[in-house]
Amino acid sequence: MSTINLENLYRLQGQLDDYIAKNHSITYSTTFTRRLLALLVELGELANETRVFKYWSNKPSSQKEVILAEFADGLHFLLSLGIPLQVDKFIYDLEPNDVDLSVQFIAVYKASLALDGGYTKDNYYLAMEKFLTLGVSLGLTVEEIVEAYLAKLKTNYKRQDTGY
């Protein structure tokens with residue numbers, strides 16, 4: 001079992017969100033639906049790179065670096081969705097799950113979609129737990145997840161500064 005502490009990542013994500021809000025004159029309340037959709041899209045991109053659902057193909061999943069980058073993209077949006085809720089749960093104990101990965105992806109989708117009808121801390125914590133468990137089930141370590149997030153954070157600031 002491994003443990004991840006997201007407190008610093010929430011702080012960093014909040015700073016990025018503030019930077020983007022100033023650049024684009026947006027707020028959390030005006031972008032909730034787009035943030036949720038972005039999370040779902042990134043989750044789909046992650047699934048596509050892992051290829052876990054492609055029963056008709058023998059092609060292997062993408063390299064771990066690609067999977068980490070897609071996971072980090074999803075984590076950005078999931079963290080961002082937690083900030084307006086003023087989440088106070090930062091530590092998650094993670095253990096890989098032996099449940100079929102396709103089933104785990106669907107569980108993350110369901111938990112994430114529950115936020116649309118019930119934007120609560122409990123629903124949010126469940127979505128985060130399912131997402132992080134999926135990550136370690138994909139073979140990602142806590143250290144790799146944090147490093148990938150920080151690398152993508154730098155990229156996202158560069159994108160803002162260059163009119164992406």
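Colleague: Just after α5, what positive phi does Gly-139 take?
Modeller: Quick caveat up front: this is a predicted model, where local features need pLDDT of at least 70 and side-chain atom pairs count only at pLDDT 80 or more, while totals for chains, interfaces and linings use all residues. Residues are numbered from 1 along each chain as its sequence is written, and side-chain values use heavy atoms, with hydrogens and water left out. The helices (H or I, at least four residues) and strands (E, at least two) are DSSP runs, numbered from the N terminus. Gly-139 comes just after α5, with a positive phi of about 95°.

Colleague: How far does α5 reach from its first C-alpha to its last?
Modeller: The expected span of a helix is 1.5 Å times one less than its number of residues. With 17 residues, α5 should come to 24 Å. The model is close to that, with a reach of 24 Å.

Colleague: What covers the buried residues of α5?
Modeller: Buried means under 20% relative accessible area, exposed over 50% and partly exposed in between, for a 1.4 Å probe and protein chains only. On that scale the buried set of α5 includes Tyr-124, Phe-131, Leu-134 and Val-136. The cover for the buried residues includes β1 (2–5), α1, α2, α3, β2 (91–94) and α4.

Colleague: Take Leu-134 itself: which residues does it touch, not counting those up to four places away in sequence?
Modeller: Leu-134 sits in helix α5, and it counts as buried because its relative accessibility is 0%. Its C-alpha is 10 Å from that of Ile-106, 28 residues apart along the chain. Contact means heavy atoms within 4.5 Å. By that rule, and skipping sequence neighbours up to four places away, Leu-134 touches Leu-43, Leu-46, Leu-101, Gln-104, Phe-105 and Val-108.

Colleague: Gln-104 is polar, at least by name; is Gln-104 buried or exposed?
Modeller: Gln-104 lies in helix α4. Beyond four places in sequence, Gln-104 touches Asn-97, Val-99, Thr-133, Leu-134 and Ser-137. At 6% relative accessibility, Gln-104 counts as buried.

Colleague: At what angle do α2 and α4 pack?
Modeller: Axes here are lines fitted to C-alpha atoms, for helices over the stretch in contact, and angles run from 0 to 180 degrees between N-to-C directions. Angles under 35 degrees count as roughly parallel, over 145 as roughly antiparallel, 65 to 115 as roughly perpendicular and the rest as oblique. That is why α2 and α4 are called roughly antiparallel to each other. Their axes are 10 Å apart, and the packing angle is about 175°.

Colleague: How many residues of the contact of α2 with α4 are nonpolar?
Modeller: On the α2 side the contact includes Phe-32, Leu-36 and Leu-43, and on the α4 side Phe-105, Val-108 and Asp-116 are among the residues met. Ala, Val, Leu, Ile, Met, Phe, Trp, Tyr, Cys and Pro count as nonpolar, Asp, Glu, Lys and Arg as charged, and the others, Gly among them, as polar. The contact has three polar residues and one charged, and the nonpolar ones number 12.

Colleague: Where does α2 bend?
Modeller: A bend at a residue is the angle between axes fitted to the seven residues ending there and the seven starting there. The 23 residues of α2 should span 33 Å at 1.5 Å a residue, and the end C-alpha atoms agree at 31 Å apart. There is a bend of about 30° in α2, and it is at Arg-34.

Colleague: What positive phi does Arg-51 have?
Modeller: Arg-51 follows α2 and is found in the loop between α2 and α3. Arg-51 is buried, with a relative accessible area of 15%. Although Arg-51 is not a glycine, its phi is positive, at about 65°.

Colleague: And Ser-25, what positive phi does it have?
Modeller: Ser-25 lies in the loop between α1 and α2. At 70% relative accessibility, Ser-25 counts as exposed. Ser-25 is not a glycine either, yet its positive phi is about 50°.

Colleague: At roughly what angle do the axes of α1 and α3 cross?
Modeller: Leu-9, Tyr-10 and Leu-16 of α1 and Leu-75, His-76 and Leu-79 of α3 are among the residues making this contact. The axes come within 9 Å, and the crossing angle is roughly 85°.
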